[in-house]
Amino acid sequence: MATMFLLVVVLSFVASALAGTPCPDRQSIYPCSCLALPQGKKVFFTSVTCHRLHSTDSLTVIFPALRTMAIDHLYLYDSFWEANKLGTEEGENKQVLPTDWITLLKVKEIEIVDTTLSPCFACHSRVACRNSITTRFTAVNSSSHDKICTICKTDKGGDFTWTGCMTKLRQFHFQHGKLTIVRSDLFPTMMKELTEVDLSYNQITKIENNAFLMTPRLKVLNLSHNALQSLDAMFKGVKLLALEQLDVSWNLIKSLGANFFAGAPSLKGLKADNNDIVEMKESEWQGMGKDLRTIDLIDNPLHCDCNIRWINSTFSVNAVIQGVCATPEDYENSLLRKASRMLNERCTAEGSIGTRPNTKATTPSSH
Ligand SMILES: *[C@@H]1O[C@H](CO)[C@@H](O)[C@H](O)[C@H]1NC(C)=O
Ligand SMILES: *[C@@H]1O[C@H](CO)[C@@H](O)[C@H](O)[C@H]1NC(C)=O
Ligand SMILES: *[C@@H]1O[C@H](CO)[C@@H](O)[C@H](O)[C@H]1NC(C)=O
């Protein structure tokens, strides 16, 4: 009998840990709405959607009802604009997630879109937070501040980091914002499960050393559509052994910097299209891992002279290198690897391009 009881308890725990609960009364979570899609016997995919909330107050009112639920997906959309109009400190405090949300809400995926969040939107907590449920946190077009608070104070004056509280977090997306620096306090404590970080469409000019020291499992890092000029310090002192995909497209990158690949030895894909890379420096690329298979350098002002002869023999034969030379005229629009081969044949031992008439009939593409 006792074991039976225990079994039931364990089973119901497993069920609630894997899926959402049925929806409560409509009024109890109004103005948000709830949808629980049956996924099998007593198993639901539960999503709660909140549209056009004036301020945090609307969430605070329904917080008791939300707390009782297990929610797969919480979607906060186009909200807090009224509070934003106040423009006061009080207004700031009304563009935040409710107090103790991180510990008390059981939400797997949180998605915030087109909402005005204050910089310390996630910090309101009476006690140090705890959360082993949230696996994904996304905020898109929801902050016009150049930084967000990650180190927060409890009411009792202690410190905690809200990102670090989410011990099961796998994906962290903060897109279409105004972040300028990726600081080492974005993830100040060990994030063992974090595999995906997307900070695309911000205004990031700098990544602090150690910014990714606490994310050893990071597999996909997206920094596209920012304002980085170099990747020099990005992995300084950090080795991201699991990093497979790095997207730094649509930045202002001129060079990868020395030792770039030392920090990302398992990289399989590097998207660096739409940057300002002119020179393919052998010294910068020599450290690349043997798994690097797709390299996107499309729309860079690449200059192809005798200094790129190394490309053909250094990249694996299976590596796909996209991108064409922009200059000199002789090699305009030739694929990098092809240009490198041609230059191998053409450059004299001293490294200068030998004499060659620059006529259409003998352009490189006719080889
Ligand atoms: C961001 O949100 C505002 C307000 O809802 C909207 O007008 C704007 O189009 C959004 N921008 C993007 C890039 O989605
Ligand atoms: C990075 O983000 C951009 C824009 O949000 C997206 O188009 C791109 O596919 C992402 N890259 C990767 C590798 O996921
Ligand atoms: C290019 O590289 C391939 C494979 O490493 C090699 O077989 C070939 O001879 C090289 N071609 C030139 C022109 O260097």
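Where is the place of Arg52? Arg52 sits in the loop between β2 (43-51) and α3. Its phi is near 55 degrees. That is a positive value, in a residue other than glycine. Keep that loop in mind while I go through the rest. One note before I go on: this is a predicted model.

Next, the cis peptide bonds. One joins Tyr30 and Pro31. Omega there is about 10 degrees. Where is Pro31? Look in the loop between α2 (26-29) and β1 (33-40). Another cis bond runs from Thr327 to Pro328. Its omega is near -10 degrees. Pro328 also belongs to a loop, the one between β16 (320-322) and α10 (336-346).

Now the ligands. I will take them in order.

Ligand 1. Which residues are around it? They are Asp78, Trp81, Asp114, Asn141 and His176. By class, that shell has 1 nonpolar residue, 2 polar and 2 charged. Let me pick out two contacts. Asn141 has a side-chain N or O atom 2.2 Å from an oxygen atom of ligand 1. Asp114 has a polar side-chain atom 3.4 Å from an oxygen atom of the ligand. And how much of ligand 1 does the protein bury? On its own, ligand 1 exposes 360 Å². The protein buries 43% of that.

Ligand 2. Around this one we find Gln175, Ser200, Tyr201, Asn222, Ser224 and Asp247. The classes here are 1 nonpolar, 4 polar and 1 charged. Three side chains deserve a look. Ser200 places a polar side-chain atom 3.1 Å from an oxygen atom of ligand 2. For Asn222, the distance from a polar side-chain atom to a ligand oxygen is 2.3 Å. Asp247 faces a nitrogen atom of ligand 2, with a polar side-chain atom 2.8 Å from it. Taken alone, ligand 2 exposes 360 Å², and the protein buries 54% of that.

Ligand 3. Its surrounding residues are Asn312, Val317, Arg341 and Asn344. Split that shell by class and you get 1 nonpolar, 2 polar and 1 charged. Which side chains offer polar atoms here? Asn312 has one 2.4 Å from an oxygen atom of ligand 3. Asn344 has a side-chain N or O atom 3.1 Å from an oxygen atom of the ligand. Of the 360 Å² of accessible area that ligand 3 has on its own, the protein covers 49%.

That is the ligands. Let us go inside the protein.

Why roll a probe over the atoms? A probe the size of a water molecule shows where empty space is left. How many cavities of 30 Å³ or more does the count come to? The answer is 2.

Start with the largest cavity. About 100 Å³ of space lies in it. The lining is Cys50, Leu59, Leu66, Leu74, Leu76, Leu97, Pro98, Trp101, Leu105, Ile110 and Ile112. Three elements give two or more residues to that lining: α3 (56-67), β3 (70-77) and β4 (106-113). Polar or nonpolar? The lining has 11 nonpolar residues, no polar and no charged ones. Remember α3 from the opening: the loop that holds Arg52 lies between β2 and α3.

On to the second largest cavity. Its volume is about 80 Å³. Asp146, Lys147, Ile148, Leu179, Ile181, Val182, Arg183, Asp185 and Leu186 line it. Which classes do we find in this lining? It has 5 nonpolar residues, no polar and 4 charged.

Last topic, the aromatic rings. The structure holds 14 aromatic pairs. I will show one of them, Trp162 with Phe172. The ring centres are 6.2 Å apart. Why is the pair called tilted? The planes stand at 50 degrees, and planes under 30 degrees apart would count as stacked, over 60 as edge-to-face, so this pair is tilted. And where do the two residues sit? Trp162 lies in helix α7 (residues 162-165) and Phe172 in strand β8 (residues 171-175). The pair therefore ties together parts that are 10 residues apart in sequence.

That is my tour. Thank you.

Key. Residues numbered from 1 in each chain as written. Chains lettered and ligands numbered in written order. Predicted model: local features only at pLDDT ≥ 70, side-chain atom pairs only at ≥ 80, totals over all residues. Heavy atoms only, no water. Near = heavy atom within 4 Å. Polar contact = N/O pair within 3.5 Å; in protein donor to acceptor, adjacent residues only side chain to side chain. Areas by Shrake-Rupley, 256 points an atom, 1.4 Å probe, with all protein chains shown as cover. Nonpolar A, V, L, I, M, F, W, Y, C, P; charged D, E, K, R; others polar. 1 Å grid on protein atoms, 1.4 Å probe; cavity = no way out; pocket = protein on both sides within 12 Å on 5 of 7 lines; lining within 4 Å. Points joined across faces, edges and corners; volume = space filled by probe spheres on them. Helix = DSSP H or I, 4+ residues; strand = E, 2+ residues; numbered from the N terminus. Phe/Tyr/Trp six-rings, centres within 6.5 Å; stacked < 30°, edge-to-face > 60°.
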